[in-house]
Each structure stands twice: as C-alpha cells, then as structure tokens.
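Subject: The structure we talked about

Hello,

Here is the structure I promised to pass on. Please have a look at it first, and then read my notes below.

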Amino acid sequence: MRKRRLHKVIVWDVATRLFHWLMVALLIVCYLSWRVNWMDWHAWTGDALLALVFFRLLWAFFGSETARFSSFLASPHAGARYLGSLVGRQPDHQVGHNPVGGWMVLLMLALLLAEALTGVYVLNDVANEGPWTETVPAAVANLITDLHLYLWDALLIAAIVHVVAILLYAALLRHNLVTPMITGSKRLPAGTKTPRLASAARAAFLLGCSALAAAALAIYL
C-alpha cells in the first residue's frame, strides 16, 4: 500500500506556543523563588502567571482555531473512543489537541487560575493587606492560604501526568507532541485543512487587557 503523502501544516500559532513555554518558565521561577524565600520575585512571577492565564482564557474564545475551546473540548464518549483508537498505533494526524489532551488543557488552566488568584490574596493578606483582606473571616483567610499550597500540589501532579503522557506517546506510539509546540507545524496528510490563525495584533491587544486585569487584582483583591 502506498504511503499517504504528507505536507507541513501550521497548527499552533506563535501566541499559543509562547504561552506554553513562558508558563513552564514562570512555574519554575515561582517554585525556586518560594524555596529560597525571594517573595518579591515570587509575587511578581505570580502576577505575570495570572496575566498569562487570563490571556489564554481569552485566546480560547477569540484566538486561533486550534487554541479555542470549541475546537478541542470533546465529549467523554469522544475521549474514550480516541483512547480506544490508540491500541492500533495509528499515525498522529490530529490537528491541534486530541480529545483527551483538550480536557488536560482545561484542567491545567483551572488549576493555574485558582493557584494564581489564591496567591494574590495570600500576598495581600501577609504583606499589603488589600482592600478585601479584612472583609474575609479569619477562617476563610486561613482556608485560602491552605488552598494555595494544596493547589500547588495538584498542579504539580497534573504537570507530571502531562509529561508522562507525552513520553508515553513518543515511546509507544511515536507521536511527537513536543516539536509542533516549538515549531508550530506538523506533517499531516495532503488535503488536511489548515487551521485559521488569529493575528499577532489581536494577541497583543488581548495580552494587554489581561495584564491590566492582573494588575488590578494584585492591587485591589
């Protein structure tokens, strides 16, 4: 049987790729700054992380086709069917996130958002005392502080599962999920529809709005 012809398709825009790798870098800096007690750096990095999460949520509605929730959030049935198809070791012809990976993206974004928001509150409670700090009962404030630590553990577990899944895809199925997130492109069968990509200007505007929102929360939460 003759192999199907493959050609290069841009599946990930620059904004999505930068978000992914900047988030990895910021999480590492957040952890290291906490370990060495550089809390100013920890706070600044947390604010930047919050701005990036806000941007990614906006990008999930107004960004490129493969970055949108509507393109990668599938039903549980579709996810189970996709997992079943992996038994046959089919080539990776997925444009964007697969049905299971899409739910992992949503989980990671939810954990990142909750971790960043609780971190902003904890900082204000300890150092700055934001306008809302004293309106919260002490028991709730303590719960938020504890939640910030528990969420970090959950985020770490999710990140480990994510990395292990990528390694298993590479080792067992020969699906390379890392290179496309670096270069933006995959080799897919001829005739594969190229996803619609949003402009860099739109990304810059949404990032600016996200940075303003994160700064406002850092001051007023």
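To start with one residue: does Y31 count as buried, partly exposed or exposed? With a relative accessibility of 35%, Y31 counts as partly exposed, because that value lies between the 20% and 50% cut-offs. Please keep in mind throughout that this is a predicted model.

Y31 sits in helix α1, and it has company at the surface. Together with W21, V24, I28, L32, W34, M39, L147, L149, Y150, V178 and I182, Y31 makes up a nonpolar surface patch. The accessible area of these residues together comes to about 1100 Å². Helices α1 (14–35), α6 (138–173) and α7 (178–183) are the elements that each supply two or more of the patch residues. The biggest contributor is α1, which provides six residues.

Next, the strands. Strand β1 (residues 6–10) and β2 run antiparallel and are joined by five bridges. If you would like a spot to zoom in on, find H7, which lies opposite L188 in β2. Strand β2 covers residues 185–189, and four of its five residues are buried, so the rest of the structure largely encloses this strand.

Now for the charged side chains. How many salt bridges does the structure hold? There is one, and it pairs R196 with E65, with 3.8 Å between the closest N and O atoms. The two partners come from distant parts of the chain, 131 residues apart. R196 belongs to the loop between β2 and α8 (200–220), while E65 belongs to the loop between α2 (39–62) and α3 (69–72). Their surroundings are worth a look too: R196 is exposed, at 55% relative accessible area, whereas E65 is partly exposed, at 24%.

Finally, the cysteines, since you may well ask about them. A disulfide is a covalent bond between the sulfur atoms of two cysteines. How many disulfides does the structure hold? The count is zero. As for individual cysteines, C30 is buried, because its relative accessible area of 8% is under the 20% cut-off. C209, by contrast, counts as partly exposed, with a relative accessibility of 32%.

That is what I have for now. Happy browsing, and do write back with any questions.

Best wishes

Key
Residues are numbered from 1 along each chain as its sequence is written. This is a predicted model: local features need pLDDT of at least 70, side-chain atom pairs count only at pLDDT 80 or more; totals for chains, interfaces and linings use all residues. Side-chain values use heavy atoms; hydrogens and water are left out. Buried means under 20% relative accessible area, exposed over 50%, partly exposed in between (1.4 Å probe, protein chains only). Two strands pair if DSSP finds at least two bridges between them. A disulfide is a pair of cysteine sulfur atoms within 2.5 Å. Patches are made of residues with over 30% relative accessible area and no salt bridge: like charges are joined within 9 Å, nonpolar side chains (Val, Leu, Ile, Met, Phe, Trp, Tyr) within 5 Å. Accessible areas come from the Shrake-Rupley method with a 1.4 Å probe; for residues, only the protein chains shown count as cover. A salt bridge is a side-chain nitrogen of Lys or Arg within 4 Å of a carboxyl oxygen of Asp or Glu.
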